[in-house]
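Colleague: I would love a close look at one part of this protein, and then a walk outward from there. Could you take me through it at an easy pace?

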Amino acid sequence: MLFAMRHSHAPLLFAASVLAACSSPDNSAPPPPPGATSPAGAIASAGSLLAQAALVGITPQAVAPQFGGKVAIAGPSVVEVMPRTDGLVLAEVRDASGTPVTTGTLSVQVGGADGQPRTVPLRWDTDLRVFEGSAGVALRPTPGDVHVTLTPLDAPPSVVTLTQVPVAPVPANGGQVLLVGPIAPEVRVDADGSVHAYLPDQTAQLPNTKLYVNVGVGQPAPQRVELQYVEAEGHYVAQLGPTARPAAGALSVEYETAGQVVDSGRTSHAVVTPTSRLGGTVVVAGDYGFEVAPVGGELHATIADSSGVYVTSPPPRVEVYVASQPAPVVMRWDDTRRIYVAPLPPRVNVETEPFRVEVRHNGRRHRGSVRVHQHGRGRGRVVVQEPRPNVRVVAAPPPPPSARVEVRVQAPPPPRVDVRISHPVPRGSVRIEAGGGRGMDHGRGQGMGGGMDHHDNGRHRGHRR
């Protein structure tokens, strides 16, 4: 089968389904304006990129996506590009064998959110090992043409157009974005074997489309599972087999429509999200997974490697850049507590503001950004964690108008439970349950407001999700 493969040989078959783009016959010609079709017309058939590569002596491995972007052939080279909604553009140039090329000049033309084209010069970042540049403005979140001009050393420029490239969102759920077909899902693989794929709200569920994910599990072949849309979660979810454990390595998503897999997105280096220790925000930064959370007057962070295993010899310092602050928060490793710690500056709120994490280690810079947003779309759930004489559960952030807040208390031993919803919500419920989930008392309310208390003299014990 096309996508059943060993992930060490994944580039050969994944490349076959990459959307093709054709080079301009005149390599010295300027790129066509945004919206114009490529010289060959539009998107070529599934195998045409491999055929085009073979004509110029480029190996199949070279045309396989490496970091989730879209691939095109520019003269004797391969270019992989990923534009992002925040204006950042990432790219990699590879030679015919697939080896990254760091010399020469590279620029792309993309469409800004204001409808105007932007030409973005990209430069090679030695630490990040990628070409990058910023358009200086937000990019249109809808797919559009990307025009690439590559000028190797001592060679004429090559111009190529990638048609209808999705624009990647800034990750918001601790995952990695892969461009596949017309979409840019953020995919997160958790250490417990669950796989999550998040789409922008306007395309949260895809009609007449199936998504599959191929996850490395430490075996010669990856495990392929279908992602199912879960209404209560507001995104796509899959679960690996009961004995499978995700491993760092290649990860791909397949886009199927009308019973045919028409495209796949791929990254050669997926990071497994570790088990949460802080209840904070997860961000993938290069080879690491970080969890960042405010605790009292401090900022705390944990660090795990790409396999989701917590690091035993961590880098000595990590920098957290919050959108509203000019200077980074410098976090230092606390060997006693086994976490990074820094005083939390005034007016810094990592629970609501976009931020990025950077760390330098072993001669490399690892960077990852996260766009913090309202999690738990449509429904929030709070469960009392431990038995206490008087337990108060407070739903602090005001939920969106469409949200449903459910507070559930499960239990044994006596005293009472005091549940307070501090912001009005349009719909909500409170349920007191005995051990085993049998409802003992149940209260519901439309437009539940601040000050609503629910008391029960039953026994109370449960867990928090």
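To start with a single side chain: does Glu-254 count as buried or exposed, and at what relative accessibility?

Modeller: Happy to, and please keep in mind that this is a predicted model. Glu-254 counts as buried, because its relative accessibility is 0% and the cut-off for buried is under 20%. Its side chain meets that of Arg-224 in a salt bridge, with 2.8 Å from N to O. Glu-254 lies in strand 15 (residues 249-257) and Arg-224 in strand 13 (residues 223-230), so the pair ties together parts that are 30 residues apart in sequence. Arg-224 itself is partly exposed, with a relative accessible area of 30%. As general background, side chains of opposite charge can pair when their charged atoms come close.

That pair belongs to a wider set, as 18 salt bridges are found in the whole structure. Among them is the one between Arg-317 and Glu-319, at 2.3 Å from N to O. Here Arg-317 is partly exposed at 35% relative accessibility, while Glu-319 is buried, with a relative accessible area of 14%. Arg-94 and Glu-92 also meet through their side chains, at 2.6 Å from N to O, and both of these residues are buried. There is a network too: salt bridges link Arg-123, Asp-125, Arg-356, Glu-358 and Arg-365.

Now for the nonpolar side of the picture. The largest nonpolar core holds 32 residues, and the members touching the most others are Leu-106, Val-108, Leu-122 and Val-148. At least two residues of this core come from each of eight strands, including strand 1 (70-74), strand 4 (105-111) and strand 5 (117-125). Strand 3 gives the most, with five residues. Leu-122 shows what such a position looks like: beyond its neighbours within four places in sequence, its contacts include Val-89, Ala-91, Leu-106, Val-108 and Phe-131. A second, separate core has 25 residues, among them Leu-178, Val-187, Ala-244 and Leu-251.

Strand 1 deserves a moment of its own. All five of its five residues are buried, so the rest of the structure largely encloses this strand. In a regular strand the side chains alternate between the two faces of the sheet. Both faces are covered in strand 1, with Lys-70, Ala-72 and Ala-74 buried on one side and Val-71 and Ile-73 buried on the other. Strand 1 pairs with strand 2 in the antiparallel sense over five bridges, and Ala-72 has Val-79 of strand 2 as its bridge partner. Two residues sit between the strands of this hairpin, where Gly-75 takes a positive phi near 65°.

Backbone angles are worth a look elsewhere as well. Most residues other than glycine have a negative phi. Arg-129 is not a glycine, yet has a positive phi of about 60°; its place is in the loop between strand 5 and strand 6. Gln-164, found in strand 8, also has a positive phi, near 50°.

Finally, a helix for contrast. Ser-48, Leu-49, Gln-52 and Ala-53 are buried in helix 2 (residues 48-55). Seen down the helix axis, the buried residues fall within an arc of 140°, so they line one face of helix 2. Gly-57 follows this helix with a positive phi near 80°. Over the chain there are two helices and 31 strands, and buried residues make up 49% of its 465 residues.

Technical notes
Residues are numbered from 1 along each chain as its sequence is written. This is a predicted model: local features need pLDDT of at least 70, side-chain atom pairs count only at pLDDT 80 or more; totals for chains, interfaces and linings use all residues. Side-chain values use heavy atoms; hydrogens and water are left out. A nonpolar core is a set of buried Ala, Val, Leu, Ile, Met, Phe, Trp, Tyr and Cys residues joined through side-chain atoms within 4.5 Å. Buried means under 20% relative accessible area, exposed over 50%, partly exposed in between (1.4 Å probe, protein chains only). Helices (H or I, at least four residues) and strands (E, at least two) are DSSP runs, numbered from the N terminus. Contact means heavy atoms within 4.5 Å. Two strands pair if DSSP finds at least two bridges between them. The arc is that of the directions from the helix axis to the C-beta atoms. A salt bridge is a side-chain nitrogen of Lys or Arg within 4 Å of a carboxyl oxygen of Asp or Glu.
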